[in-house]
Amino acid sequence: MHPSVSFQTIGLISRPRRSNLAVVVPPLLHWFQARGIKVFYDTETASALNDSSKGLHRDEVAKNSELLLVLGGDGTLLAAARVAAPLGIPILPINVGSLGFLTSFKLEEMYSALEETLAGRLPSSERVMLDVELKREGKIVERQTVLNEAVINKGALARMIDLELMIDSEFVCRYRVDGLIVATPTGSTAYSLSAGGPIVHPSVESWIITPICPHTLSDRPVVIRDSSQVDIDLSAGTESVFLTLDGQTGIPMEPADRVRMTRAAERLKLIQPQKKSYFEILHSKLKWGET
């Protein structure tokens, strides 16, 4: 961010049902008021206050704000990213969750991070996002933009599913799997990592395609350029399959559905700690080097 950045309106988005919100939010609102900054907050934040009538839907919070302050874990940030990225609004993430790869500021660092952000001294990174379309009989029935990943996965009692992967209209592979993940570099430390995918630095322009429990052991994760068009077809006769987007939305699929993924036009602006590198965050979160 440029040193001349100045935010007059800030949106506050919180993780639902966090017991410490009632302690954290009131003094935070007073802090903003003392600096002449107008604050809009979502209904989840409002539920922690005595007067919940001022809570807005998260879309409205984003539309009224120049910066979003997110109090929660990575799940809360993923939800906030969907409303912030299309508007070009930066997010300052404060971790009040558990692991938090994306929410890299601790709660005790919140006020110093806010001071630095308001002064324009903290850098922001732009994260590539994935545009996902679900097509049925040639028509788009669902379209969303995700920060982490799109997953095609079977239901709890379903058999292995049959999928066909094409990249830039070229046939690549037929999979018999429990599921298939297409992740961004940001999402490489999420579900894809748990399924055996690689960690990819956020600046690498790529998608990661990771099979979940493949029937053929030679079906391994693949990294491709993010300018590619990825098409995945669900074979006819396959039942109880879902398209899951950023772990937030699950959409039932039907046989012969196609999922198409391309690089989204918008990018997420994520404010980062100035003195903490990506690899330092990995060391901290993954406990590298600890016995």
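How exposed is Lys 287, by relative accessible area? Lys 287 is partly exposed, at 49%. The views below come from a predicted model.

**View 1. Lys 287 sits in the segment after helix H7.** Lys 287 follows H7 and has a positive phi, near 60 degrees. Its relative accessible area of 49% makes it partly exposed, because exposed means over 50%. Gly 138 lies far along the chain, 149 residues from Lys 287 in sequence. In space, the C-alpha atoms of Lys 287 and Gly 138 are 47 Å apart.

**View 2. Helix H7 spans residues 278-286 and has buried residues.** These buried residues are Tyr 278, Ile 281, Leu 282 and Lys 285. They cover an arc of only 100 degrees around the axis, so they lie on the same side of H7. Strand E4 (91-95) is included in what covers them.

**View 3. Val 132 is among the residues with the most contacts inside the largest nonpolar core.** This core has 29 residues. Ile 152, Leu 163, Ile 232, Leu 243 and Met 261 share that standing with Val 132. What does Val 132 touch, leaving out residues up to four places away in sequence? One group of its partners is Glu 142, Arg 143, Gln 144, Val 146 and Ala 150. The others are Leu 243, Leu 245, Val 259, Arg 260 and Met 261. In soluble globular proteins, nonpolar side chains tend to be buried together.

**View 4. A second core is separate from the largest one.** The second core has 27 residues. Phe 7, Ile 37, Ile 94 and Val 96 are included.

**View 5. The largest pocket holds about 250 Å³ of space.** Which helix gives the most to the lining of this pocket? Helix H1 does, with 5 residues. Helix H1 (21-34) and strand E2 (38-41) each supply at least two lining residues. Among the lining residues are Pro 26, Leu 29, His 30, Phe 32 and Gln 33. Ile 37, Val 39 and Tyr 41 also line the pocket, as do Leu 49, Asp 51 and Lys 54. By class, the lining has 7 nonpolar, 2 polar and 2 charged residues. Ile 37 is thus named twice: in the lining of the largest pocket and in the second core.

**View 6. The largest cavity has a volume of about 100 Å³.** The count is 1 cavity of 30 Å³ or more. Its lining includes Phe 101, Leu 102, Ser 104, Arg 127, Pro 185 and Thr 186. Thr 189, Pro 202 and Gln 272 line the cavity too. So do Tyr 278 and Ile 281, both buried residues of helix H7. The lining divides into 6 nonpolar, 4 polar and 1 charged residues.

**View 7. Glu 137 has a positive phi although it is not a glycine.** Its phi is about 55 degrees. Where is Glu 137 placed? The residue is in the loop between strand E6 (124-136) and strand E7 (139-146). Glu 137 is exposed, with a relative accessible area of 79%.

**View 8. Ala 256 also has a positive phi and is a residue other than glycine.** The value is near 75 degrees. Ala 256 is in the loop between strand E16 (249-253) and strand E17 (258-271). Its relative accessibility is 55%, and Ala 256 counts as exposed because the cut-off is over 50%.

Terms used
Residues numbered from 1 in each chain as written. Predicted model: local features only at pLDDT ≥ 70, side-chain atom pairs only at ≥ 80, totals over all residues. Heavy atoms only, no water. Core = buried A, V, L, I, M, F, W, Y, C linked by side-chain atoms within 4.5 Å. Buried < 20%, exposed > 50% of the residue type's maximum accessible area, 1.4 Å probe, protein only. Contact = heavy atoms within 4.5 Å. 1 Å grid on protein atoms, 1.4 Å probe; cavity = no way out; pocket = protein on both sides within 12 Å on 5 of 7 lines; lining within 4 Å. Points joined across faces, edges and corners; volume = space filled by probe spheres on them. Nonpolar A, V, L, I, M, F, W, Y, C, P; charged D, E, K, R; others polar. Helix = DSSP H or I, 4+ residues; strand = E, 2+ residues; numbered from the N terminus. Arc of directions from axis to C-beta.
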